[in-house]
Amino acid sequence: MSVLIKNGKIVSSEKIFSGDILVSEGKIVKIANNIAIPDNCEFIDAEGQYIFPGGIDPHVHMHLPTFAGYSSDNFYTGSKAALYGGTTTLIDFVTPRKGQSLPDALAERKKEAENCLTDYTFHVSPISWHKGLKDEIKECVNQGVTSFKVYTAYKKSIGLDDNELFKVMQDIAEIGALLTVHAELGDDIEDLRNRFFEEGKISPKYHALSRPPETEYKAVKKIIEFAKKTNCKVYFVHISTGKSAEIIQNAQIRDLQIFAETCPQYLMINDEKLIGKFYNTVKFVFSPPPRKEQDNEKLWNALFENVILTVGTDHCPFTFEQKLLGKNDFRKIPNGAGGVEHRMSLLYTYGVFQNKISLNDFVKITSTNAAKIFGLYPQKGEIAVGSDADLIIWNEKNDVISAKTNHQNCDLNIYEGIKISGKPEIVIKAGKIVLSENKLSQKISSGRYLSRTL
Ligand code: URP
Ligand code: ZN
Ligand code: ZN
């Protein structure tokens with residue numbers, strides 16, 4: 001079965017033009033004016049509506065095991081929410097257990113993701129350096145993984161110390177893969193957390209106060225120095241401060257291969273949300289924490305200036321019941337919040353509508369840049385003949401975000417009450433209409449594991 005979309009305003013990463021798109025066997029097969037309707041073809045009249053490539057969220061944590069249980073979305077529920085928001089590809093993570101090899105952990109994670117409705121791939125996380133790690137990384141590359149994620153926070157469980165980090169970066173650089181990194185100074189944070197708790201400072205706002213801006217930007221600085229020495233390509237996930245963006249920009253000027261991502265929460269939310277009662281503030285406990293309004297503005301500007309190239313969500317929701325574990329100790333609140341459904345709507349409403357980013361930048365930030373950085377381009381990230389037929393027909397209707405109406409599996413929503421002026425009217429995934437009239441089709445086939453190459 002083919003699908004013909006007529007008269008849309010097609011927005012690619014470089015151009016905006018009117019035309020028709022013919023889709024067949026999961027691929028875009030023709031883009032032209034006045035394409036005749038073939039036999040046995042579904043027809044969509046998109047007169048006057050924007051058509052974007054399906055979104056790629058490069059940072060989600062579905063079914064993430066934590067001390068508070070799994071993050072509340074599994075691959076099925078989380079990918080449903082993603083489709084409602086126009087995201088057709090997800091990049092999640094593989095975190096091995098202590099002693100487990102990276103390829104074994106990858107095989108296990110692939111099984112967990114089998115019911116994912118979007119296409120998907122993974123960043124694989126070395127949680128220690130050991131002899132033989134390089135071979136494990138090579139094996140993952142053979143299995144289609146080209147990006148490897150490390151944490152400099154969470155040292156007690158999955159974080160690396162400087163010595164290990166340096167060696168991991170050497171290995172990754174030699175293989176020619178990409179390091180993705182959660183940059184926070186884990187030891188400094190741990191000291192502050194414990195000090196606050198011992199002083200009886202137990203409420204959610206101490207989560208943010210124990211992770212001050214310098215714990216991010218000093219980590220960013222250090223990793224850039226390591227990148228210089230090892231020649232390792234680096235992608236910083238969830239950059240939250242203006243100062244980090246400035247440091248990254250300086251490194252990019254020096255011709256280092258440094259990429260950066262921010263998230264809607266660092267563009268839209270500031271630390272005032274942590275003032276108040278536990279009940280109202282606990283949902284804003286995520287890492288890095290919300291910063292100042294000036295940081296929000298600086299990050300918008302870094303997007304505008306192409307210093308930050310992508311917006312991922314770090315989708316990692318926990319229910320109120322899970323968050324309640326930290327009622328008397330902020331250190332026990334599971335870190336994370338959902339957002340996979342809202343990423344594109346928020347960027348459209350608060351980015352494009354407010355003239356902070358252009359329509360082409362919107363496409364780059366939500367899709368093309370991630371495809372290019374993570375080895376998915378031109379299969380993903382573009383409206384072009386030969387690319388996968390993952391397409392969104394956009395609608396500029398107004399709506400208000402709420403946990404009551406969102407599709408993630410969570411009773412909390414950090415964007416509660418925020419107005420949006422745009423969301424998908426029709427989503428096409430692998431050439432099939434999977435969402436229309438705000439309803440998902442009953443018969444969506446599972447997404448595919450995307451094998452990437454260096
Ligand atoms: O608070 C967050 N971000 N939780 C998910 C794990 C991470 O650090 O990305
Ligand atoms: Zn992180
Ligand atoms: Zn994350």
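Which protein donors surround the zinc ion (ligand 3)? In this predicted model, the zinc ion (ligand 3) is held by H59 through NE2, H61 through NE2 and D314 through OD, at distances of 1.9 to 2.2 Å. Four donor atoms make up the site, and with angles among them of 85 to 140 degrees the arrangement is classed as irregular. The class follows because a tetrahedral label for four donors would require all angles to lie between 85 and 135 degrees, whereas the angles here extend to 140 degrees. Along the chain, the donors follow the spacing H-x1-H-x252-D. H61 belongs to the loop between β6 (55-57) and β7 (65-66), while D314 belongs to the loop between β15 (310-311) and α12 (320-323), so the two donors tie together parts of the chain that are 253 residues apart in sequence. Both H61 and D314 are buried. The zinc ion (ligand 3) also has a metal companion, as the zinc ion (ligand 2) lies 3.5 Å away from it.

Attention now turns to the charged side chains. Across the whole structure, 24 salt bridges are found. One of them joins K380 and D390, with 2.6 Å from N to O. This pair links distant parts of the chain: K380 and D390 are 10 residues apart, and each sits in the loop between α14 (359-373) and β16 (391-395). Are these two partners buried or exposed? K380 is buried, with a relative accessible area of 3%, and D390 is buried as well, at 5%. The pair also takes part in a wider arrangement, in which K27, D119, K380, D388, D390 and R448 are linked in a network of salt bridges.

Two further pairs can be set beside this one. R193 and E190 form a salt bridge in which the closest N and O atoms are 3.7 Å apart. Both residues belong to helix α5 (residues 186-198), and because they are three residues apart there, about one helical turn separates them. R193 counts as buried, with a relative accessibility of 13%, whereas E190 is partly exposed at 25%. In the salt bridge between D329 and K332, the closest N and O atoms are 3.6 Å apart. Here the acidic residue is the buried partner, D329 having a relative accessible area of 5%, while K332 is partly exposed at 44%.

Burial can also be followed at the level of a whole helix. How many residues of helix α13 (residues 343-352) are buried? The helix is mostly covered, with 10 of its 10 residues buried. Among them are the charged R343, the aromatic Y348 and Y350, and G351. The buried set also includes M344, S345, L346, L347, T349 and V352.

A contrasting case is H407, which lies in the loop between β17 (399-400) and β18 (419-420). H407 is partly exposed, with a relative accessible area of 28%. Which residues does H407 touch, leaving aside those up to four places away in sequence? The contacts are T77, A81, Y84 and E341. H407 and L83 are 324 residues apart in sequence, and their C-alpha atoms are 9.5 Å apart in space.

The empty space in the model completes the picture. Rolling a probe the size of a water molecule over the atoms shows where such space is left. The largest pocket encloses about 1200 Å³ and is lined by 50 residues, with P65, T66, Y154, S157 and I158 lying nearest its centre. Elements that give two or more residues to this lining are β7, β9 (87-94), α2 (102-112), β11 (147-151) and α5. Which element gives the largest share of the lining? That element is α5, with five residues; the salt bridge between R193 and E190 described above lies in this helix.

Closed spaces were searched for as well, and three cavities of 30 Å³ or more are found in the whole structure. The largest cavity has a volume of about 60 Å³. Its lining includes K283, P317, F318 and K323, together with G336, A337 and G338. Q408, C410, L412, N413 and I414 also line this cavity.

Methods:
Residues numbered from 1 in each chain as written. Chains lettered and ligands numbered in written order. Predicted model: local features only at pLDDT ≥ 70, side-chain atom pairs only at ≥ 80, totals over all residues. Heavy atoms only, no water. Salt bridge = Lys/Arg side-chain N within 4 Å of Asp/Glu carboxyl O. Helix = DSSP H or I, 4+ residues; strand = E, 2+ residues; numbered from the N terminus. Buried < 20%, exposed > 50% of the residue type's maximum accessible area, 1.4 Å probe, protein only. Contact = heavy atoms within 4.5 Å. Donors = N, O, S within 2.8 Å, 3.2 Å for Na, K, Ca; no water. Tetrahedral: all angles 85-135°; square planar, octahedral: opposite > 155°, others 65-115°. 1 Å grid on protein atoms, 1.4 Å probe; cavity = no way out; pocket = protein on both sides within 12 Å on 5 of 7 lines; lining within 4 Å. Points joined across faces, edges and corners; volume = space filled by probe spheres on them.
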